[in-house]
Amino acid sequence: MLGALLYLRLTSLRNLLVQRVRRLRQPKYLVGTAVAVAYFYFILIHRNGPAAPAAAMAAQSMAQAGLLASAATCGGLCLLAVLRIAFLWIMPDEKPGLRFTEPEIAFLFPAPVSRRALIHFRLVSSQFAILFTSVLIAFFFNRAGYMGGSRATRAIGWWIILSTFDLHLNGTKLTLSRLRERSPRFLAWRIAVVLALAAYVYAVFRSGIALVNAYATQTQSLLEAPGALVHQVLSSPVFFWLTLPFRFVLAPYFASGLGDFAAALGPALLFLGLHYYWVSHTEARFEEGSIALAEKRAAAKAAMQRGEMPRIGNSRPKASPGPFPLSESGPPEIAFLWKNLLSMRSALFSRRALLIVAALALWAAASLGPVLSHQARRNGGDFFSPMVLGFTAIIAVYTVLLGPQIARQDLRGDLANADILKTYPVAGWRIALGQLLAPTLVLSSILWVLIVVAAAAADPLGTIGWLSPGVRVTAAVCLAAVVPFVCLIQMLVPNTAMVLFPGWYQATRSRGGGIEVIGQRMIFGVVQLLFALLVVVPSVLAALLVVFSSQWILGAGPAIVLATAAVLMILASESVMGIWWLGERFERFDLSVDTR
Amino acid sequence: MIEVQALAKQYGSFSAVRDLSFSVRPGEVLGLVGPNGAGKTTTLRCLAGIIPMTSGTVRVAGHDLAVDPVEAKRHLAFFADEPRLFEYLTVRQHLAFVARIYGVRDHETIATPLLEELELLEKADELPGELSRGMKQKLVIACGLLHSPSVMFFDEPLTGLDPLGIRRMKDSIVRRAQAGAAVVLSSHLLHLLEEVCTNVLILKKGEKVADGTLSEVSAQFSNGEAGVSLEEIFIRATGGTEG
Ligand SMILES: Nc1ncnc2c1ncn2[C@@H]1O[C@H](COP(=O)(O)OP(=O)(O)OP(=O)(O)O)[C@@H](O)[C@H]1O
Ligand SMILES: [Mg+2]
């Protein structure tokens with residue numbers, strides 16, 4: 001069994017490497033690789049090189065702060081791990097599944113292989129990924145040099161952490177499945193475990209807070225010597241015993257020397273071994289769940305390759321009614337708008353995604369509200385309006401730059417259906433225009449809301465003389481008129497890139513690609529940014545020029561209108577040319593050849 | 001209805017179809033046969049205007065595909081070998097979308113009997129993800145037939161359908177041909193082709209080996225024997241081991 005597995009993994013790995021190297025003959029992969037390698041060289045490896053004298057001076061205080069930061073990060077990650085486990089107990093999968101790929105299921109599940117052997121197969125095959133990840137992390141992120149230890153010990157440390165967590169997740173899934181099968185008090189069990197976990201987290205938290213408070217009364221400022229604080233907390237007996245399991249797992253990673261490391265390795269491996277025993281001796285059904293999981297992952301992968309974003313919450317798509325009734329006659333563009341709005345609703349806004357967003361917004365409001373009101377009271381002045389303006393500006397920039405990457409319900413989303421689209425009796429430019437309408441409309445709507453908010457929030461005390469209500473409304477309306485064209489051009493960029501370089505585009509969509517894919521993505525990102533600047537900067541300059549040169553004669557309001565007219569002319573002609581060209585290219589586009 | 005003149009298609013330097021000419025008149029059903037990789041799918045995709053041909057001319061319902069693609073496409077329907085659907089549109093929404101694209105008036109009165117015939121009515125409000133492969137294929141067929149095309153291209157139309165589905169598909173193709181449509185279909189199921197097709201065209205490595213009515217082609221390869229099956233002809237024509 002294990003021999004077969006090793007054979008499968010090693011031959012696959014070898015063929016993958018061979019294929020990757022061969023691919024470098026194609027310029028798209030070669031350039032991608034070159035860019036990514038250069039990036040990593042300069043950003044990661046170069047920075048880890050010999051430190052400048054000033055940096056060495058700062059290192060002392062850096063180490064102190066770094067210690068606090070790592071302690072906080074570490075605590076946060078442990079908390080996340082506990083939450084992940086708790087989540088499994090709170091909402092166990094109907095049928096828990098282990099991660100197999102579809103071909104693995106096709107070949108192994110009907111094979112004369114015991115369930116335990118399958119579990120082994122799963123554990124060993126995840127070891128390949130874990131080993132690889134450990135080595136990669138340890139080699140690329142060598143920043144934490146102040147903690148001592150070497151790359152090798154840290155790689156092994158990572159391996160222990162990831163393996164233990166992987167085993168614990170699988171053990172929990174299998175145990176839950178077994179409990180569901182065998183125990184009539186499944187719910188009671190789960191409640192008990194969740195309560196125990198909550199009590200545990202609470203206890204750790206309380207003891208930690210108590211120690212921090214005690215330290216704060218001892219010293220003047222909490223942050224004077226953060227390292228000492230960390231040491232004090234970590235060495236307190238209560239805290240020590242409470243966090244013992246986590247210490248077992250983390251100790252090898254944090255070991256500062258070989259002796260330390262060797263001492264830490266024993267308990268860590270023992271703990272890992274216990275987990276292994278637990279997982280491999282829990283007999284439970286997992287086949288159906290694994291099949292469902294594999295299908296889900298394959299579907300997600302296919303969606304990625306089609307050019308869609310992964311669904312948040314990963315729930316199954318649901319049928320939804322059309323955004324508006326689609327009549328049978330009229331321009332075909334509207335049919336594409338209708339279709340893509342429909343897809344967007346199902347693809348981007350699953351109910352779980354909306355819940356997550358709502359929860360995040362609530363959390364942000366709850367935590368930011370007191371801070372804001374406190375600041376406002378202290379400064380006396382108006383703190384709120386610049387804050388709101390700042391936020392709207394940030395969201396607007398993100399919408400324009402990142403929106404086209406997220407809202408992919410356009411030509412890119414229909415890459416796999418290009419064949420059908422081309423049998424339609426519709427000219428290329430009309431297909432292009434129709435496909436771009438939906439994301440353009442959605443992005444524009446977001447920007448319109450932001451404009452309204454900004455117009456209302458700007459200068460509430462009326463300190464800026466020329467910003468009369470009339471000018472305010474005129475400016476908002478003019479900006480709103482320009483917005484759809486900006487969005488349309490932003491959507492044109494990635495779509496044209498896809499049609500021009502479908503091979504490139506396809507490559508950037510495939511998950512788990514190698515280093516060349518990272519480079520290709522970077523190139524795409526830069527191109528998008530360049531185009532945004534290329535489109536926006538000349539129009540903004542033109543607008544400013546018109547406003548400043550004419551407002552002396554016309555007044556602010558008419559000057560803004562005049563400037564808008566000029567900008568609209570520029571943007572509209574750019575859009576028309578872009579769409580026409582995209583349509584031309586799409587008509588010539590040959591999916592079967594170009595994406596090979 | 002369909003006139004193909006010296007059609008050629010190259011993938012890079014690889015020539016998948018060479019110098020292919022044939023025509024299909026209204027009421028004719030042309031069976032495109034050939035070994036795997038002979039170029040059947042490539043030919044059909046060129047005829048439907050999906051991929052640009054390297055050279056040659058194709059006229060569909062009197063319109064040159066290269067000169068006036070929109071008019072030509074208004075009259076044709078292409079059914080791919082793999083059913084491709086929009087993931088987030090239900091069965092009914094697919095039909096509504098296609099109706100708008102082709103400007104089909106009053107599509108509900110056409111669509112409902114079509115769904116009924118294809119036994120999709122009870123799945124009308126489900127997404128493609130919830131359909132079986134055969135059902136997806138039926139939905140593709142329903143979408144393609146909605147605008148009553150006069151020229152139809154089928155690439156392996158029968159794989160994945162249940163026996164009743166195959167029977168209905170054959171009947172439907174024959175009926176539409178009798179009503180004046182021109183049909184080209186590729187399939188490896190030769191005994192089924194024998195029942196449906198009026199003409200056959202045998203392709204081998206991108207080149208035409210034989211073309212004509214069923215009896216003409218069998219005469220060409222039967223060496224005077226009587227009652228030779230299409231399968232036997234196929235094997236002789238494409239140089240199979242027994243040939
Ligand atoms: N996108 C492509 N790029 C390069 N070569 C291709 C491409 N698509 C098809 N080919 C090649 O063109 C030839 C014809 O392929 P085609 O798909 O038309 O065959 P087919 O007759 O439909 O075969 P099958 O019976 O298997 O469906 C094959 O040799 C194939 O390898
Ligand atoms: Mg084929």
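# Close-up views of cores, rings and a sheet

**View 1. Here we look into the largest nonpolar core of this predicted model.** Of its 99 residues, A:Y424, B:F97 and B:L185 touch the most other members. Helix α18 of chain A (residues 469-500) supplies the largest share of this core, 11 residues. Elsewhere, apart from this core, lies another of 29 residues, with B:V24, B:L32, B:L76 and B:L203 among them. As general background, nonpolar side chains in soluble globular proteins tend to be buried together.

**View 2. This close-up centres on A:Y424 and its contacts.** Neighbours within four places in sequence are left aside here; A:Y424 is then in contact with A:F336 and, from chain B, with B:K73, B:F86, B:F97, B:V98, B:I101 and B:Y102. Rings from both chains come together here: A:F336, A:Y424, B:F86, B:F97 and B:Y102 form one aromatic cluster. B:F97 also has a charged companion, as the charged end of A:K339 sits over its ring, 6.0 Å from the centre.

**View 3. Two aromatic pairs can be compared here, one in chain A and one in chain B.** The whole structure holds 11 aromatic pairs over all chains. A:W158 and A:Y253 meet edge-to-face, with 5.6 Å centre to centre and 65° between the planes. This pair links distant parts of the chain, 95 residues apart: A:W158 belongs to helix α6 (residues 151-182) and A:Y253 to helix α10 (residues 244-254), both of chain A. A:W158 counts as partly exposed because its relative accessibility is 21%, while A:Y253, at 15%, counts as buried. B:F79 and B:F154, by contrast, are stacked, at 4.5 Å centre to centre and 10° between the planes. Their pair also links distant parts of its chain, joining strand β6 (residues 76-79) to strand β7 (residues 151-155) of chain B across 75 residues. Both B:F79 and B:F154 are buried.

**View 4. A charge over a ring is shown at A:R190 and A:F186.** The charged end of A:R190 sits over the ring of A:F186, 5.1 Å from the ring centre.

**View 5. An open, antiparallel sheet of chain B fills this last view.** Its 4 strands follow the order β2-β1-β4-β5. At the edges are β2 (14-24) and β5 (63-64), each pairing on one side only. Strands β1 (residues 2-11) and β4 (residues 55-60) run antiparallel and are joined by 5 bridges; B:V4 stands opposite B:V58 in β4. Helix α1 of chain B (residues 40-47) packs on the sheet, touching β1, β2 and β4, and its direction makes about 120° with that of β1.

Methods
Residues numbered from 1 in each chain as written. Chains lettered and ligands numbered in written order. Predicted model: local features only at pLDDT ≥ 70, side-chain atom pairs only at ≥ 80, totals over all residues. Heavy atoms only, no water. Phe/Tyr/Trp six-rings, centres within 6.5 Å; stacked < 30°, edge-to-face > 60°. Helix = DSSP H or I, 4+ residues; strand = E, 2+ residues; numbered from the N terminus. Buried < 20%, exposed > 50% of the residue type's maximum accessible area, 1.4 Å probe, protein only. Lys NZ or Arg CZ within 6 Å of the ring centre and 35° of its normal. Core = buried A, V, L, I, M, F, W, Y, C linked by side-chain atoms within 4.5 Å. Contact = heavy atoms within 4.5 Å. Pairing = 2+ DSSP bridges. Axes fitted to C-alpha atoms, helices over the stretch in contact; angles between N-to-C directions.
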